[in-house]
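Work through the exercises below with the model open beside you. Try each task before reading its solution.

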Amino acid sequence: MNGLIVHTGGLYTTVQDTGRDGYYEIGMPPSGALDQFSYRAANLLVGNPEGAAALEATYIGPELEFTDDRLVAVTGADVPVTLSGEPVKPWETIPVKAGDVLSFAMITGGARVYLAVSGGIGVPDYLGSRSTYTLTGLGGFEGRKLADGDRLPLGERPVGTAPAPGSGVSESLRPSFPEVAELRTVVGLCSYRLTDAALRSFLETTWKVTKDADRVGYRLRGGTLDFVEREQPFGAGSDPANVVDLGYPVGSIQVPGGDEPIVLLNDAVTGGGYATIGTVISADRDRIAQTKTGDQVSFVSVDIDQALAARRERRERLDRISNELKE
Amino acid sequence: MAATTLALPPARYEYGGDEFVFVEIDQAMSLEANFKAMTITGALRERRLDGVLDICPSNASYLIRVDPERLHPAELVDQLRSLEASATELTADQVLSTRVVDVPVLYDDPWTRETLLRFRDRHQDPGATDLEYAARLNGFDGVPQLVEALSGAPYIVTMLGFVPGLPFCYQMVPRDRQIEVPKYIRPRTDTPERAFGYGGAFAVVYPVRGAGGYQLFGMAPAPVFDLSQTLPDFAESIVFPKAGDIVRYRAIDQAEFDQVRREVEAKTFRYRIREFEFRPGDFLADPDAVNNELLEVLYR
């Protein structure tokens, strides 16, 4: 069987796609690529459907050997890439042949690299998605991150015209990694639990990403937020950060203890008993996904219309890439 | 029979970014709030709206995941408001078709006892077990009386979540008989799979081993989560509980625990399940009568 030979798995490399819908109600998060823009752009560059399964690598990429002719593309974080020892460019369509080895150096900007291969990663579909959810070990490649020596199946190469080798995404359409990543946030949910001063402080503080930052969520540090004093409602539990257990949106922010906000991401718990104070909009989950331990983020309050406009803007950028590649 | 009015504040509608709508029925937990959340989410399910990805009733609130390219979140909120307007009372003929399930539990078991003793530094009362602490806090003479209360009246599954298959269960008794305990001061880093825990006013069974902050009271011999789907009760889903299920956490002894474990390992175990037409209005009018009927149906 043709596929990918995993020489080294990297730090945390998993198979991901657009995510798994319809199982939130049993407590299963959607999973899926954290930076959906970069992931989808990688698929477009190799002529795949936008939602084909690809690899997401965190901090340190894998080393992979190909066993047949394919197109590949590397997007997301800034990282030097080589093909059989020769430098190749990210955000471009790269032809590979049997025996070629793709390697990554350390990332120089951002946090997550996406690798798409024409035909997609051919792991079985599980509950409507090929995304990996490692907590219960389901989906993706054996429900886990890649390990040295794995052999990944690839899908049939797509028929029809693929982008020509060397096709690329314009610099202006690629994400940038500013010193402070601004995360547009719809404030609300249980934000009434914070005092007015705490809510202002939440939006004015520049927060630092701690070492607890992964696909489950990002824990931040940089200030203390006070809760409104109250007699706790029945069933909520005694801590002022507690509410009666409720559902957590993906991207929602909670502040257990008042001093470490946590932004929940695609592999997070689906609910629990901490007050949520707002939700990072879907387009800016792409941005937080490209921050790493020690990086800085801030929250910018937006309303639902601005959130939807940002989502449309991301869609239009992907459409522009798709059109550029057809020219 | 007259309709039962649900004396609840107006619901609060909030956008959870561009992909979620969160609706808080009430800040406090009550069966009334949960019945209202169940009624609205049940009606929403029947509308089969294009763009609604997930419908999650959650204790005293509910959460909807939406694809905003197919359904504008503001349009969804309009629909939910209209559903709320028709759910301010429970009519006598309102029926929740559900299951009543017998869930055996070995209370004060050796495994959760071993676990909780490892984490006394994170607990409110390092000198007692979680059961001893909860018994004292809730005014019981001792652990046997607390276990009798936990095991006596049934619970309703008011939410699934946290991790796949974890049922939040609220005991179907008036508030003055509700058992309430705080969560651990700092969460444990370990909880055995199938541990029976209690936090706030909710009982849970942990589907998988992992972190947890609920008081540890016992151990269920049968799983609530089976990724391999080899047990007959998991043929259609990797998780057993469903929101709206009515469960009884029946106290068992070590011999029955061992027997159920053998059946689980032989892949022959089946939960005792009875179909039941539950009428929330009847229940709110006379909880004990309905509970007696539930248990009578379950063990018939």
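Two strands count as paired if DSSP finds at least two bridges between them. Keep in mind that this is a predicted model.

**Exercise 1. Trace the closed barrel in chain A.**
Which strands form the barrel, and in which order do they run?

Solution.
- Step 1: List the strands. Seven strands close the barrel, in the order β12-β19-β16-β17-β14-β13-β20 of chain A, and the pairing is mixed.
- Step 2: Get the twist. Ignoring direction, neighbouring strands of this sheet are turned by 40° against each other on average.
- Step 3: Take one pair. Strands β16 (residues 252-254) and β19 (residues 276-280) of chain A run antiparallel and are joined by three bridges.
- Step 4: Pick out a bridge. A:Ile253 has A:Gly278, in β19(A), as its bridge partner.
- Step 5: Add the helix. Helix α2 (residues 196-204) of chain A lies across β12, β13 (207-213), β16, β19 and β20 (296-301) of chain A. Helix α2 of chain A runs at about 125° to β20(A).

**Exercise 2. Describe the open sheet in chain A.**
Which strands lie at the edges?

Solution.
- Step 1: Write the order. The open sheet has five strands, β2-β3-β10-β5-β8 of chain A, with antiparallel pairing.
- Step 2: Find the edges. β2 (13-16) and β8 (94-96) of chain A each pair on one side only, which makes them the edge strands.
- Step 3: Get the twist. From one strand to the next, the twist averages 30°.
- Step 4: Inspect a pair. Four bridges link strand β3 (residues 54-58) and strand β10 (residues 109-117) of chain A in the antiparallel sense. Here A:Thr58 has A:Arg112, in β10(A), as its bridge partner.
- Step 5: Add the helix. Helix α1 (residues 36-45) of chain A lies across β2, β3, β5 (70-78) and β10 of chain A. Its angle to β5(A) is about 155°.

**Exercise 3. Explain what the pair A:Arg40 and A:Glu50 ties together.**

Solution.
- Step 1: Check the distance. The two side chains form a salt bridge, at 2.8 Å from N to O.
- Step 2: Locate the residues. A:Arg40 sits in helix α1 of chain A and A:Glu50 in the loop between α1 and β3 of chain A, so the salt bridge ties together parts ten residues apart in sequence.
- Step 3: Set it in context. A search of the whole structure gives 47 salt bridges over all chains.

**Exercise 4. Characterise the interface of chains A and B.**
How much area do the two chains bury between them?

Solution.
- Step 1: Take the area. Chain A and chain B bury about 4,100 Å² between them, with 61% of it on carbon and sulfur atoms.
- Step 2: Find the top contributors. In chain A, A:Glu25, A:Phe234 and A:Asp245 lose the most area to chain B, together 18% of what that side buries.
- Step 3: Count contacts. 52 residues of chain A touch 52 residues of chain B.
- Step 4: Count polar links. Between the chains there are 21 residue pairs in polar contact and seven salt bridges. One salt bridge joins the side chains of B:Asp18 and A:Arg311, at 3.1 Å from N to O.
- Step 5: Assign elements. On the side of chain A that touches chain B, β15(A) gives the most, with six residues.
- Step 6: Sort by class. That side of chain A has 28 nonpolar, 16 polar and eight charged residues.

Conventions: Residues numbered from 1 in each chain as written. Chains lettered and ligands numbered in written order. Predicted model: local features only at pLDDT ≥ 70, side-chain atom pairs only at ≥ 80, totals over all residues. Heavy atoms only, no water. Contact = heavy atoms within 4.5 Å. Buried area = accessible area lost by both parts, 1.4 Å probe. Salt bridge = Lys/Arg side-chain N within 4 Å of Asp/Glu carboxyl O. Polar contact = N/O pair within 3.5 Å; in protein donor to acceptor, adjacent residues only side chain to side chain. Helix = DSSP H or I, 4+ residues; strand = E, 2+ residues; numbered from the N terminus. Nonpolar A, V, L, I, M, F, W, Y, C, P; charged D, E, K, R; others polar. Axes fitted to C-alpha atoms, helices over the stretch in contact; angles between N-to-C directions.
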